[in-house]
Amino acid sequence: MALVNVFNISGSGMSAQSVRLNTVASNIANAEAASSSIDQTYRARYPVFTAISPQQQHLSFNQLLHEPQQQSEKGVMVKAIVESKAPLERRYEPDHPMANDEGYVFYPNINVVEQMTDMISASRSFQTNVEIMNTAKTMLQKVLTLGQ
Amino acid sequence: MAIGFDQALGVHPQALLLRGKRAELLADNLANSDTPGFKARDIDFKQVLNRVNEQQTGKKLPLQQTHQDHLAGLSQKQDVDLLYRIPIQPAIDGNTVDTQQEYAIYARNAMDYQSSFEFLNSKFKGLIKVIKGQ
């Protein structure tokens, strides 16, 4: 039953979006984590999404109508979490306790406004996946009443 | 006169399965709405259902292939094309999923699924009436 797969697909979408929300939370939480050296400073993290199955060109008739569930693994997954390569913010704050010998402090390369928009986008996508799952649930429940 | 399920139910069970499969494809599109380079896919429902119908009603006789080198014949083209959606506006990351459009199509497909189900259900109800002799 193809509709059962919808749950797996939307579930994978939901978990991918929640990873994205997690990285956003981590980025915003560390937005002001100052440090005295470039190497130790926190860098913005982003998840890289990829489709689970390579995209097919054709489906055979039998595949389309009677495909066993295992063969049609679809959905989205998080391939990796990468660190942003944007330059760190260097501020001259000689009085700061983390200042280095030259009086500079390094701040993470995080733009909080950017992170907030990313968060809204992620939560919207999450919502869409929930709605898809809900609709599929209604469809399946309807099927259970067949013949009644 | 024997009543076969295939004759009594018509094309509706296949339509229901096909709608379910399409829901899966559309859900995949929506799950990948943030995947870079992902191309939204869909099937031409009408074309696929027509082919099912042709096979079922025997309008086109299937050729039996007894050897792998035999030509398939016109009616045996068994592949269903997964078509690409044409995007309304391009995205920087090459993704062609338009969430709103995709969601609208999904909702429409769900409604069509329900109506296919109603047809199938009424067919069954009819059969039950026949069996009971009411």
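Trainee: Is Asp118(A) buried or exposed?

Mentor: In this predicted model, Asp118(A) has a relative accessible area of 19% and therefore counts as buried, since the cut-off for that class is under 20%.

Trainee: With which residue does Asp118(A) form a salt bridge?

Mentor: Side chains of opposite charge can pair when their charged atoms come close. Here Asp118(A) pairs with Arg20(A), and the closest N and O atoms are 2.9 Å apart. The two residues link distant parts of the chain: Arg20(A) belongs to helix α1 of chain A and Asp118(A) to helix α3 of chain A, with their positions 98 residues apart. Arg20(A) has a relative accessibility of 9%, so Arg20(A) is classed as buried.

Trainee: Which residue of chain B forms a salt bridge with Arg20(A)?

Mentor: Asp34(B) does, with the closest N and O atoms 3.0 Å apart. Arg20(A) thus appears in a pair within chain A and in a pair with chain B. Across the interface of the two chains, 3 salt bridges are found, while a search over all chains of the structure gives 12.

Trainee: How should I read a salt bridge whose residues are partly exposed, and which pair in chain A serves as a case?

Mentor: The pairing and the accessibility are two separate readings. Glu89(A) and Arg91(A) form a salt bridge, their closest N and O atoms being 2.8 Å apart. Glu89(A) has a relative accessible area of 37%, so Glu89(A) is partly exposed. Arg91(A), at 28% relative accessibility, also counts as partly exposed.

Trainee: Which residue of chain B pairs with Asp42(B), and where do the two partners lie?

Mentor: Arg85(B) forms a salt bridge with Asp42(B), with 3.2 Å between the closest N and O atoms. This pair links distant parts of chain B: Arg85(B) is in the loop between β3 (83-84) and α4 (99-132), and Asp42(B) is in strand β1 (residues 41-42), 43 residues apart. Arg85(B) is buried at a relative accessible area of 15%, and Asp42(B) is buried at 7%. Salt bridges with shared partners join Arg22(B), Asp42(B), Arg85(B) and Glu102(B) into one network.

Trainee: Let us turn to the interface. How many residues of each chain are in contact, and how much area is buried?

Mentor: One may begin with the residue counts and then turn to the area. In this structure, 45 residues of chain A contact 43 residues of chain B. The two chains bury about 3,900 Å² between them, and 62% of that area is on carbon and sulfur atoms. With both residues at pLDDT 80 or more, 10 residue pairs are in polar contact between chain A and chain B.

Trainee: Which elements of chain A supply the side that touches chain B?

Mentor: At least two residues come from each of α1 (2-29), β1 (45-51), β2 (58-60), α2 (61-66) and α3 (112-144) of chain A. The most come from α3(A), which gives 12 residues. By residue type, this side of chain A divides into 17 nonpolar, 23 polar and 5 charged residues.

Trainee: In what order do helices and strands follow one another in each chain?

Mentor: A pattern is read along the sequence. Chain A has 3 helices and 5 strands, arranged as α-β-β-α-β-β-β-α. Chain B has 4 helices and 3 strands, and its pattern is α-α-β-α-β-β-α.

Trainee: What share of the residues in each chain is buried?

Mentor: In chain A, 34% of the 148 residues count as buried. In chain B, buried residues make up 40% of the 134 residues.

Trainee: What share of the contacts in each chain joins residues at least 24 apart?

Mentor: Taking the contacts in chain A between residues at least 6 apart in sequence, 75% join residues at least 24 apart. For chain B, residues 24 or more positions apart account for 75% of the contacts with a separation of 6 or more.

Trainee: Which domains does UniProt place on chain A, and how much of each span is helix?

Mentor: An annotation comes from a record, whereas the helix content is computed from the model. The unreviewed UniProt entry assigns "domain: Flagellar basal body rod protein N-terminal" to residues 8-31 of chain A. That span is 92% helix and 0% strand, and its end C-alpha atoms lie 34 Å apart. The UniProt record, also unreviewed, places "domain: Flagellar basal-body/hook protein C-terminal" at residues 103-146 of chain A. Residues 103-146 are 75% helix and 9% strand, with the end C-alpha atoms 75 Å apart.

Technical notes:
Residues numbered from 1 in each chain as written. Chains lettered and ligands numbered in written order. Predicted model: local features only at pLDDT ≥ 70, side-chain atom pairs only at ≥ 80, totals over all residues. Heavy atoms only, no water. Contact = heavy atoms within 4.5 Å. Buried area = accessible area lost by both parts, 1.4 Å probe. Salt bridge = Lys/Arg side-chain N within 4 Å of Asp/Glu carboxyl O. Polar contact = N/O pair within 3.5 Å; in protein donor to acceptor, adjacent residues only side chain to side chain. Nonpolar A, V, L, I, M, F, W, Y, C, P; charged D, E, K, R; others polar. UniProt positions renumbered as here; feature names shortened; annotations may be inferred. Buried < 20%, exposed > 50% of the residue type's maximum accessible area, 1.4 Å probe, protein only.
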